Amino acid sequence: MKESIENILNELEMQSSLEKSRKVDVMAENRMLAITKETGEMLNMILRLNNVKNMLEVGTSTGYSTIWCAEAISDNLGEIITIEQNPNKIKRAKENFQKSGLSDKISIKEGSAIKILEELNSQEKYQGFFNFVFIDADKENIIKYFDLIFPLVSINGIIVTDNMLYPEKYRPDMEKFSNYLKTNHRLRTITSPIGNGEEITIKIK
Ligand SMILES: C[S@@+](CC[C@H](N)C(=O)[O-])C[C@H]1O[C@@H](n2cnc3c(N)ncnc32)[C@H](O)[C@@H]1O
């Protein structure tokens with residue numbers, strides 16, 4: 001891994017662990033709420049194994065998960081579109097992407113996820129376009145996000161969803177989501193205990 005990428009990942013991991021241990025006081029809306037390092041490693045591995053080119057992320061925050069993913073597709077002529085609505089986090093994410101040297105692989109769409117996903121849906125180009133999607137925004141809209149994302153995913157494309165198991169306050173929404181996935185015959189899905197619980201879903205024919 002390039003030194004610039006390793007350095008920024010280390011920096012963000014340190015920030016994240018300070019936030020989680022409440023050693024720094026950060027206003028709720030500005031907390032990173034980042035994936036675990038183990039989840040980052042898993043996403044990176046899935047992207048490499050599948051030679052992913054086009055990726056979509058819902059919930060950039062300050063860019064920790066995006067950088068783990070961009071590192072895997074950087075040799076691959078691929079690109080990530082990532083969605084975030086918090087201007088403060090967008091600014092920090094842009095600075096982090098710059099530091100990592102991966103800015104040219106990442107395009108941030110700023111605004112409400114539902115609105116942006118509807119816009120992507122309205123364009124022919126994006127039908128079946130993404131080989132990989134990572135869902136990590138608010139949990140109340142998770143089923144709505146999934147429905148908007150599904151047509152955008154290629155056959156054999158993968159959707160990973162964070163927070164299936166933790167924090168426990170998300171369980172009711174995530175259980176509804178899990179049951180919803182079971183009603184869709186065009187996918188295979190498993191819940192992995194990695195990190196905060198990662199749902200790994202594959203779209204089939
Ligand atoms: C859990 S954090 C993402 C963490 C990030 N994936 C990482 O691991 O570094 C969720 C992010 O989704 C954003 N978000 C929540 N609801 C949103 C919405 N409706 N539209 C766009 N972004 C949203 C929040 O501002 C927050 O930064």
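What follows is a chat about a predicted model of a protein with a ligand.

Trainee: Let's begin with the ligand. Where does the ligand sit?
Mentor: In the largest pocket. And keep in mind that this is a predicted model.

Trainee: Noted. Which residues come nearest to the ligand?
Mentor: There are 21 residues around the ligand, and the ones that come nearest are Gly59, Ser65, Glu84, Ala113 and Asp136.

Trainee: How does the shell around the ligand divide into nonpolar, polar and charged residues?
Mentor: You get 8 nonpolar, 8 polar and 5 charged residues in that shell.

Trainee: OK, polar contacts next. What does Ser65 do with the ligand?
Mentor: Ser65 has a polar side-chain atom 2.8 Å from a nitrogen atom of the ligand.

Trainee: And which ligand atom pairs with the side chain of Lys89?
Mentor: An oxygen atom, with 3.0 Å between that oxygen and an N or O atom in the Lys89 side chain. For Asp138, a side-chain N or O atom is 3.0 Å from a nitrogen atom of the ligand.

Trainee: How much of the ligand does the protein bury?
Mentor: The protein buries 90% of the 600 Å² that the ligand exposes when taken alone.

Trainee: Back to Ser65 for a second. Which helix has Ser65 among its buried residues?
Mentor: That's α3, where the buried residues include Ser65 along with Tyr64, Thr66, Ile67 and Trp68. Further along α3, Cys69, Ala70, Glu71, Ala72 and Ile73 are buried as well.

Trainee: Why is α3 described as largely enclosed by the rest of the structure?
Mentor: Because 10 of the 10 residues of helix α3, which covers residues 64-73, are buried.

Trainee: Switching topic to helix α2. Is Asn44 buried or exposed?
Mentor: Asn44, which lies in helix α2, is buried, because its relative accessibility is 8% and the cut-off for buried is under 20%.

Trainee: And Met45, also in α2: buried or exposed?
Mentor: Met45 counts as exposed at 53% relative accessibility. The cut-off for exposed is over 50%.

Trainee: What about Arg48?
Mentor: Arg48 is another residue in helix α2, and it is partly exposed, with a relative accessible area of 40%.

Trainee: Can I get some C-alpha distances for those? How far is Met45 from Cys69?
Mentor: Their C-alpha atoms are separated by 8.9 Å, and the two residues are 24 residues apart along the chain. Cys69 is one of the buried residues of α3.

Trainee: What separates Asn44 and Lys203?
Mentor: In sequence, 159 residues; in space, 19 Å between the C-alpha atoms. For Arg48 and Leu165, the C-alpha to C-alpha distance is 25 Å, with their positions 117 residues apart in sequence.

Trainee: Let's move to the strands. Where is Ile135?
Mentor: Ile135 is in strand β4, residues 130-135. Ile135 has a relative accessible area of 0%, so it is buried.

Trainee: How far is Ile135 from Ile149?
Mentor: They are 14 residues apart in sequence, and their C-alpha atoms are 9.3 Å apart.

Trainee: Now backbone oddities. Which peptide bond is cis?
Mentor: The bond from Tyr166 to Pro167 is cis, and its omega is near -10°. Pro167 is found in the loop between β5 (153-161) and α7 (171-182).

Trainee: And what is phi at Asn51?
Mentor: Near 50°, so to speak plainly, a positive phi in a residue other than glycine.

Trainee: Where does Asn51 lie?
Mentor: In the loop between α2 (37-49) and β1 (54-58). Asn51 is partly exposed, with 47% relative accessible area.

Trainee: What about phi at Asn156?
Mentor: Asn156 is not a glycine, yet its phi is positive, about 75°. Asn156 has its place in strand β5.

Trainee: Is Asn156 buried or exposed?
Mentor: Exposed, at 55% relative accessibility.

Note on methods. Residues numbered from 1 in each chain as written. Predicted model: local features only at pLDDT ≥ 70, side-chain atom pairs only at ≥ 80, totals over all residues. Heavy atoms only, no water. Near = heavy atom within 4 Å. Polar contact = N/O pair within 3.5 Å; in protein donor to acceptor, adjacent residues only side chain to side chain. Areas by Shrake-Rupley, 256 points an atom, 1.4 Å probe, with all protein chains shown as cover. 1 Å grid on protein atoms, 1.4 Å probe; cavity = no way out; pocket = protein on both sides within 12 Å on 5 of 7 lines; lining within 4 Å. Sits in = over half its atoms within 2 Å of the grid points. Nonpolar A, V, L, I, M, F, W, Y, C, P; charged D, E, K, R; others polar. Buried < 20%, exposed > 50% of the residue type's maximum accessible area, 1.4 Å probe, protein only. Helix = DSSP H or I, 4+ residues; strand = E, 2+ residues; numbered from the N terminus.
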